[in-house]
Amino acid sequence: MIPNKEQEIIINYFTRDTDRKRILLVEAPPGTGKTYTAVSASMNYIRWNLEKDFKYNKKVLILTFSKNARAQIDKQLDDLDFNKNKISDYIEISNFHSFFQKYVWAYSNYLGLNANLIITSPKQRKIYFEEALSHISDYTGEDEQYAWVDSLLEGDFYPITPKGNIKPAVKKLIPYKEEIQNSIMKLNKEGYMGFSDIGYYMNKLLEKSSSLLNIIQNKYPLIILDEYQDASDLQDTIVKKLIGKSNNAIFFADSKQMIYGWRGASSNRIINLREEYGEQIEQSELVTSMRFKGRKDIEGILRTAREGKYDINSFISSENAKYIKIKVRDKNLFSKQSKNIMYSNLKYKIINALPKFEERKDKSIGILCRYNEQVRFIKKALREEFNVYSQTISNNEEEHNIVCDLIDFYVKQDQGISIDELSQEIVKYIFSVVYDDGIGAIKRNKLSSVGYSNLKNARLQFLKQVAAYVEKADESREYWGCLSNCINLVPYSELKINHDNLSLIRKILLTNNKSADKITDLFLQYQYQKAFKELKGIYVLNVHQSKGREFDFVYLVDRESLNREQNLLYVALSRVKEKITIFDWVL
């Protein structure tokens, strides 16, 4: 690939002989070749330094926000370093949490933490907060409260009402803020960390050890930051410490893609960079679209959306962009009856709009929704009514809960449990790898009442076989082998399989080293490999989850709700590569 003039300026910025600033801020809209430019700039910088000194041993650090974004950058580096001339050895690519974790884990004792730190699952963390904060009557553990409490060490991310006020459920907890923070730190000292705690300790480590900070600064003379508009205040503080007073940095950002305000991203992040670095910063931009290959209709939609001039009323369907109206008598999503009718009409419009299997089998299709409830409805409707199975990009929370539960389950092999407890555990894992709400008479939402008799007396042959494995394991205490045998029965049953979860559990069951550290490492590798995989098939997800991803065909649901949030609408529209279809309920 040959860079265009905009990309060339950025790629060569830190290797040119003329005067330059030490900080470069690049406005980079979707589809303008940002990843290619970032990787090319890092490779060019390393090449330039090696030509001057063959003993050069420093690195470029590329930091991004997610495993998916990291995987895309890794792929780009693989493609560009096709001669395998070891340039990639001088480039370190990481997401923020992984980079911070590396140092916090290494210096855990120095920070006053347990030497053996593990990341707790969301389920375990919720249980801990329920117990630790049980004396606070205002803490109910509802989603908004939990999200605020969970991220308190990273920053005050208050959920806001449409009128700009702190939501009442969280406002009640503000007087207990310091007490809650102390509870989190107590949990951390015992060895249990949440992802949102790690940044706090990284910052503390850099404040406590100036020598370590100097080592890191010396190791990475150039840092490249991806999607910097999404950085929280704490991440921003740490990054500026790593850059220090003399190192170089390239900040790639796009103010129009700032959609994570609820977790600390700020619309002022780019303005603050200009103020912070003043005369030391220079601005550049990527403008030319590399993605749409002459699809002028899509380029026009994105341009008007970026300018804030998008108007669905003037939208005209074209070769690559279609507008499908779904006529209803009422558009009240708060009315159960109206919502059921709206959703029912929607599912038929979607299934009729999807390309035939032969046309889509090698394509990626993203059905993007504003709300998680819409995601769940469409997934279920496609699967149960039309026998169309959607793919999963990543369900970090569900997968993390499964992994931590498996670690606890393995420990029970030494402790011993009753046959009823064993039956309940086995059935729980079976449900985690299928979509069915019931298996015979056993219901997903009533697992707490499951016992051995439910399996033994079942009519379903599948459950009778599970009962036989459970009975045998009750005598031998080979619980892990019992689970493996039962999970291996699932593909031969008539149950609707969740292949992603099945693959994850099988990987863990097959590992020889079943320590918490090993299983956690295996899980992180699994997630990274999944992110690295090229998207193919149908994906149903919310717009926030689609960030950083691209789909050949995009189907956009509930345009009206998205239209109230211009940045979110722009992110949704800009996920497309070839064709886009917009669905809208109209009276």
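## Salt bridges and a five-residue network

A salt bridge is a side-chain nitrogen of Lys or Arg within 4 Å of a carboxyl oxygen of Asp or Glu. Keep that in mind as you look at this predicted model, where Lys 34, Asp 226, Glu 227, Asp 230 and Lys 547 are linked in a network of such bridges. In general, side chains of opposite charge can pair when their charged atoms come close.

How many salt bridges does the count come to? By this rule, the answer is 37. Let's look at a few of them one by one.

## Three pairs to find

Start with Arg 306, which forms a salt bridge with Asp 254; their closest N and O atoms are 2.7 Å apart. Arg 306 sits in helix α13 (residues 296–306), while Asp 254 is in the loop between β7 (248–253) and α12 (269–277), so this pair ties together parts of the chain that are 52 residues apart in sequence. Are these two buried or exposed? Both Arg 306 and Asp 254 are buried.

Next comes Lys 347, whose salt-bridge partner is Glu 385, with 2.8 Å between the closest N and O atoms. This pair also links distant parts of the chain: Lys 347 belongs to helix α14 and Glu 385 to helix α16 (residues 372–386), 38 residues apart. The two ends have their own surroundings: Lys 347 is buried, with a relative accessible area of 12%, whereas Glu 385 counts as partly exposed at 43%.

For the third pair, go to Arg 444 and Asp 437, where the closest N and O atoms of the salt bridge are 3.8 Å apart. Arg 444 is partly exposed, with a relative accessible area of 30%. Asp 437 counts as partly exposed too, at 46% relative accessibility.

## Two helices that cross

Now for a pair of helices. The axes of α10 (residues 210–219) and α11 (residues 233–243) come within 8 Å and cross at roughly 75 degrees. Angles of 65 to 115 degrees count as roughly perpendicular, so that is how α10 lies relative to α11.

Which residues make the contact? On the α10 side you'll find Leu 213, Ile 216 and Gln 217, and on the α11 side Lys 241, Leu 242 and Ile 243. Sort the residues in the contact of α10 with α11 by class and you get four nonpolar, one polar and one charged.

## A strand covered on both faces

Strand β3 (residues 91–95) is mostly covered, with five of its five residues buried. You can check this face by face: Ile 91, Ile 93 and Asn 95 are buried on one side, and Glu 92 and Ser 94 are buried on the other.

Strand β3 also has a partner. Five bridges join it to strand β2 (residues 60–64), and the two run parallel. If you want a spot to zoom in on, Thr 64 stands opposite Asn 95 in β3.

## A helix under cover

Helix α26 (residues 566–573) is mostly covered as well: six of its eight residues are buried. Which ones are they? The buried residues of α26 are Leu 568, Leu 569, Tyr 570, Val 571, Ala 572 and Leu 573.

What covers these buried residues of α26 includes three helices, α13, α24 (543–546) and α25 (559–563), along with the strands β10 (364–369), β14 (551–556) and β15 (576–586). You've met α13 already: Arg 306 lies in it.

## Three single residues

Tyr 146 lies in helix α6 (residues 143–150). With a relative accessible area of 10%, Tyr 146 is buried. Leaving aside its neighbours within four places in sequence, Tyr 146 is in contact with Pro 122, Arg 125, Lys 126, Phe 129, Tyr 139 and Gly 141. Another residue to locate is Lys 167, which is 21 residues from Tyr 146 along the chain; their C-alpha atoms are separated by 13 Å.

Ser 338 has its place in helix α14 (residues 336–353). Ser 338 counts as buried, at 9% relative accessibility. Not counting residues up to four places away in sequence, Ser 338 touches Asp 330 and Asn 332.

Finally, look for Glu 276 in helix α12. Glu 276 counts as partly exposed, at 47% relative accessibility. How far is Glu 276 from Pro 175 in space? They are 33 Å apart, C-alpha to C-alpha, and 101 residues apart in sequence.

Notes: Residues numbered from 1 in each chain as written. Predicted model: local features only at pLDDT ≥ 70, side-chain atom pairs only at ≥ 80, totals over all residues. Heavy atoms only, no water. Axes fitted to C-alpha atoms, helices over the stretch in contact; angles between N-to-C directions. Helix = DSSP H or I, 4+ residues; strand = E, 2+ residues; numbered from the N terminus. Parallel < 35°, antiparallel > 145°, perpendicular 65-115°, else oblique. Contact = heavy atoms within 4.5 Å. Nonpolar A, V, L, I, M, F, W, Y, C, P; charged D, E, K, R; others polar. Buried < 20%, exposed > 50% of the residue type's maximum accessible area, 1.4 Å probe, protein only. Pairing = 2+ DSSP bridges.
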